[in-house]
Amino acid sequence: MSLPSESAPSTNASHVLVVEDESFVRMVAVDMLEDAGLPVAEAPDADTALRLLEGKAQAFCVLFTDIDMPGSMDGLTLAARVRARWPHIRLVVTSGRVRPSRADLPDAGCFLPKPYCRSDLLGALGQVA
């Protein structure tokens with residue numbers, strides 16, 4: 001994945017999938033990414049995210065997921081499943097409550113603590129690219 005510069009959007013960027021159960025936080029993250037020129041898809045939980053990835057996983061380059069979410073799995077479990085099934089998708093996990101150890105993250109995953117700003121988010125995406 002190549003990240004666009006702050007001023008020039010990329011014309012061939014793959015989608016970032018944002019998974020966040022808090023709608024306002026999800027909206028802000030999506031806006032930050034779209035403002036940077038990245039195409040974005042969003043999901044309110046891990047189950048919805050997996051359904052989006054089914055058959056369309058090649059369209060995505062990054063999974064950006066909150067850890068603490070309701071539903072059948074949390075963000076760390078989602079990240080591990082995505083890594084096992086679609087290893088081309090890079091992983092960034094976030095939380096304002098949980099601080100995972102390096103061992104808790106799937107290989108090549110990155111943790112971004114909340115609250116974060118646009119430069120933090122873009123930096124995390126650049127780190128996993």
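**Two crossing helices and a five-stranded sheet**

Helices α1 and α4 are roughly perpendicular to each other, because their axes meet at an angle of about 70° and angles of 65 to 115 degrees count as roughly perpendicular. This description, like everything below, rests on a predicted model. Two packed helices are described by the angle between their axes and the distance between the axes. Here the distance is 10 Å, between α1 (residues 23-35) and α4 (residues 118-128). On the α1 side, the contact is made by Ala-29, Met-32, Leu-33 and Asp-35. Helix α4 contributes Arg-118, Leu-121, Leu-122 and Leu-125. Sorted by character, the residues of this contact comprise six nonpolar and two charged ones, with no polar residue among them.

Attention now turns to the sheet. Five strands make up an open sheet with parallel pairing, and reading across it gives the order β2-β1-β3-β4-β5. The edges are occupied by β2 (40-43) and β5; each has a single partner strand, so one side of each is left without a neighbour in the sheet. On average, neighbouring strands are turned by 20° against each other, direction ignored.

Strand β4 is a good place to look more carefully. How many of the six residues of β4 (residues 90-95) are buried? Five of them are, so the strand is largely enclosed by the rest of the structure. "Buried" here means under 20% relative accessible area. On one hand, β4 runs parallel to β3 (residues 60-66), and five bridges join the two strands. Within this pairing, Leu-63 has Leu-91 of β4 as its bridge partner. To get from β3 to β4, the chain passes through helix α3 (residues 75-85), and the resulting β-α-β crossover is right-handed. On the other hand, β4 also pairs with β5 (residues 110-113), again in the parallel sense, over four bridges. In this pairing, Val-93 is matched with Phe-111 of β5, while Thr-94 stands opposite Leu-112. In a regular strand the side chains alternate between the two faces of the sheet.

Helices also rest on this sheet. Helix α3, already met in the crossover, packs on the sheet and touches β1, β3 and β4. The direction of α3 makes about 180° with that of β4; the two are therefore roughly antiparallel, since angles over 145 degrees count as such. Helix α2 (residues 46-53) lies across β1 (15-19), β2 and β3. With respect to β1, helix α2 runs at about 160°.

Technical notes. Residues numbered from 1 in each chain as written. Predicted model: local features only at pLDDT ≥ 70, side-chain atom pairs only at ≥ 80, totals over all residues. Heavy atoms only, no water. Buried < 20%, exposed > 50% of the residue type's maximum accessible area, 1.4 Å probe, protein only. Pairing = 2+ DSSP bridges. Right-handed = clockwise from strand over helix to strand, strands pointing away. Axes fitted to C-alpha atoms, helices over the stretch in contact; angles between N-to-C directions. Contact = heavy atoms within 4.5 Å. Parallel < 35°, antiparallel > 145°, perpendicular 65-115°, else oblique. Nonpolar A, V, L, I, M, F, W, Y, C, P; charged D, E, K, R; others polar.
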